[in-house]
Amino acid sequence: MLKTILGTILEEMSGECSMPNIPTPTMGGEVWWNDLAEYNGWRLQQNTLTQHARILDPDDVRRAWGSVSAMKQQFLMIAGTGSRKNHLF
C-alpha cells in the first residue's frame, strides 16, 4: 500500500508541478541532495533518491519543492530575467 502511494506521488511529481510548501528549515542538503544551480545564496537542489527538487533560500529554508522542471522555472523567477539566467543550468 505505502509503495503504491509513494509510486503515485513520484509519478505525479515527474510532470511540471509545484507542491504546497511550508517554509521549513533544512540542514542544507549535504547528504541526499545535489545542487543544480546557485544564485545569490539561493540553491536549486535535486534529491538523489526521489529525484524531486527543492529551492532553499540563503538561510537553508525550503521555499518551494516539486518536479525539477517546475522548480527550474521558479528558480529562474528568483534569479530574474536577462542573460544571467541562461548560465544557471
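The questions and answers below concern a predicted model and ask what lies behind the terms applied to its strands, turns and side chains.

Q: What makes the fold of this protein chain describable as a succession of helices and strands?
A: The protein chain contains two helices and six strands, and in sequence order these elements give the pattern α-β-β-β-β-β-β-α.

Q: Why is Asn-47 called buried?
A: Its relative accessible area is 8%, and because buried means under 20%, Asn-47 falls in that class. Asn-47 belongs to strand β4, which covers residues 42-47.

Q: What makes β4 largely enclosed by the rest of the structure?
A: Five of the six residues of β4 are buried, and therefore the strand is described as largely enclosed by the rest of the structure.

Q: How do you know that the side chain of Asn-47 makes a polar contact with the backbone nitrogen of Thr-50?
A: The side chain of Asn-47 reaches that nitrogen at 2.9 Å, and because the cut-off for such a pair is 3.5 Å, the distance of 2.9 Å qualifies.

Q: Which residues does Asn-47 touch, once those up to four places away in sequence are set aside?
A: They are Trp-32, Trp-33 and His-52, where touching rests on heavy atoms within 4.5 Å.

Q: Why does His-52 count as buried although it is found in a loop?
A: His-52 is found in the loop between β4 and β5, the latter spanning residues 53-56, but the term depends on accessibility, for which the limit is under 20%. The relative accessible area of His-52 is 15%, so this residue is buried.

Q: What makes the pair formed by the side chains of His-52 and Thr-50 a polar contact?
A: The two side chains are 2.3 Å apart at this contact, a value to be set against the limit of 3.5 Å, and the pair of His-52 and Thr-50 is accordingly listed as a polar contact.

Q: Why is Leu-49 called exposed?
A: Exposed means over 50% relative accessible area, and Leu-49 has 60%, so the term applies. Leu-49 lies in the loop between β4 and β5, and it forms a nonpolar surface patch with Val-31 and Trp-32, the three together having about 360 Å² of accessible area.

Q: How do you know that β4 and β5 pair?
A: At least two bridges are needed for strands to pair, and four bridges join β4 to β5, which run antiparallel. Within this arrangement, Arg-43 stands opposite Leu-56 in β5. The two strands form a hairpin with five residues between them, and Gln-51 in the turn has a positive phi of about 70 degrees.

Q: What makes both faces of β5 count as covered?
A: Ala-53 and Ile-55 on one side are buried, as are Arg-54 and Leu-56 on the other.

Q: How do you know that β5 also pairs with β6?
A: Four bridges join β5 to strand β6, made up of residues 61-66, and the two run antiparallel, where at least two bridges are required. The bridge partner of Ile-55 in β6 is Ala-64, and the hairpin of β5 and β6 has four residues between the strands.

Q: Why is Asp-60 called partly exposed?
A: Asp-60 has a relative accessible area of 22%, and because the class lies between buried, under 20%, and exposed, over 50%, Asp-60 counts as partly exposed. Asp-60 is found in the loop between β5 and β6, and it has a positive phi of about 60 degrees although it is not a glycine.

Q: How do you know that β3 pairs with β4?
A: Six bridges join strand β3, residues 33-39, to β4, and the strands run antiparallel, against a requirement of at least two bridges. Tyr-39 stands opposite Trp-42 in β4, and the hairpin has two residues between its strands.

Q: Why is Asn-40 exposed in terms of relative accessibility?
A: The limit for this class is over 50%, and Asn-40, at 58% relative accessibility, therefore counts as exposed. Asn-40 lies in the loop between β3 and β4, and its phi, near 50 degrees, is a positive value in a residue other than glycine.

Methods. Residues are numbered from 1 along each chain as its sequence is written. This is a predicted model: local features need pLDDT of at least 70, side-chain atom pairs count only at pLDDT 80 or more; totals for chains, interfaces and linings use all residues. Side-chain values use heavy atoms; hydrogens and water are left out. Buried means under 20% relative accessible area, exposed over 50%, partly exposed in between (1.4 Å probe, protein chains only). A polar contact is a pair of N or O atoms within 3.5 Å; within protein, one must be able to donate a hydrogen and the other to accept it, and residues adjacent in sequence count only if both atoms are side-chain atoms. Patches are made of residues with over 30% relative accessible area and no salt bridge: like charges are joined within 9 Å, nonpolar side chains (Val, Leu, Ile, Met, Phe, Trp, Tyr) within 5 Å. Accessible areas come from the Shrake-Rupley method with a 1.4 Å probe; for residues, only the protein chains shown count as cover. A salt bridge is a side-chain nitrogen of Lys or Arg within 4 Å of a carboxyl oxygen of Asp or Glu.
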